[in-house]
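Visitor: Could you show me how to read a protein model, one feature at a time? I am new to this.

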Amino acid sequence: MLRFFFSLVLFSLFANVLDAQTANSSSTERLTTQQLTPTEALFQQETKEVDGFERKLASLKTAFAEKDASRMVAYEAYLQAAMRKETEQMAQKNASSPSVDTQARLEQMNKTMEAFEAHTFHTLTGEAAARDFALLDTFLQIMKAELADLKRGQD
């Protein structure tokens with residue numbers, strides 16, 4: 001009888017530990033895009049776009065410092081495609097719900113895009129590159145500001 005009682009207590013203890021671990025792991029799981037609300041999914045997508053742009057910009061700066069022309073061309077192409085996509089998204093947002101902030105951001109994005117059409121970093125030096133990197137940093141800040149607005153709208 002004592003063995004049975006002792007076995008039952010050990011089994012219960014083991015079951016409680018296992019249940020606690022299962023509950024702990026399920027609370028840290030990430031939601032899939034299908035499980036998110038449309039606003040949350042949009043925020044997640046925009047966050048990925050901003051993070052990707054920021055990483056590629058940092059990589060471009062590194063490639064420029066190392067004078068690696070092939071990597072510069074690849075990162076420039078990525079950044080230009082990302083800039084086009086963001087500019088199109090901002091234009092759609094401005095068309096659907098115009099605001100002064102959205103219009104100002106769109107104008108700045110368009111100016112930056114125009115500056116980078118048919119652009120190459122591997123032929124630039126010092127001051128010209130610094131100006132161009134400053135433009136790209138400004139574009140990134142616009143993206144971050146838009147993401148912050150989206151976050152505020154989510155809260």
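**Reading a helix, a loop and a side chain**

Guide: Gladly! Keep in mind that this is a predicted model. Our stops are helix α2, then K67 in the loop between α2 and α3, then T87 in helix α3.

Visitor: How many ångströms should α2 span, and what does the model give?

Guide: The idea is to allow 1.5 Å a residue. Helix α2 covers residues 38-65, which is 28 residues, so a span of 40 Å is expected. The C-alpha atoms at its ends are 41 Å apart, which agrees.

Visitor: Which residues of α2 are buried, and what do they pack against?

Guide: Buried means under 20% relative accessible area. In α2 the buried residues include F43, V50, F53, L57, L60 and F64. The buried residues of this helix pack against α3 (69-96) and α5 (126-154).

Visitor: What is the phi of K67, just after α2?

Guide: K67 has a phi near 55 degrees, which is a positive value in a residue other than glycine.

Visitor: Is K67 buried or exposed?

Guide: The cut-off for exposed is over 50%. K67 has a relative accessibility of 70%, so it counts as exposed.

Visitor: And T87 in helix α3: buried or exposed?

Guide: T87 has a relative accessible area of 9%, so it is buried.

Visitor: What does the side chain of T87 reach, and which residues is T87 in contact with beyond its sequence neighbours?

Guide: Its side chain reaches the backbone oxygen of M83 at 2.7 Å. Leaving aside neighbours within four places in sequence, T87 is in contact with L106, M109, N110, M113 and F139.

Key
Residues are numbered from 1 along each chain as its sequence is written. This is a predicted model: local features need pLDDT of at least 70, side-chain atom pairs count only at pLDDT 80 or more; totals for chains, interfaces and linings use all residues. Side-chain values use heavy atoms; hydrogens and water are left out. Helices (H or I, at least four residues) and strands (E, at least two) are DSSP runs, numbered from the N terminus. The expected span of a helix is 1.5 Å times one less than its number of residues. Buried means under 20% relative accessible area, exposed over 50%, partly exposed in between (1.4 Å probe, protein chains only). Contact means heavy atoms within 4.5 Å. A polar contact is a pair of N or O atoms within 3.5 Å; within protein, one must be able to donate a hydrogen and the other to accept it, and residues adjacent in sequence count only if both atoms are side-chain atoms.
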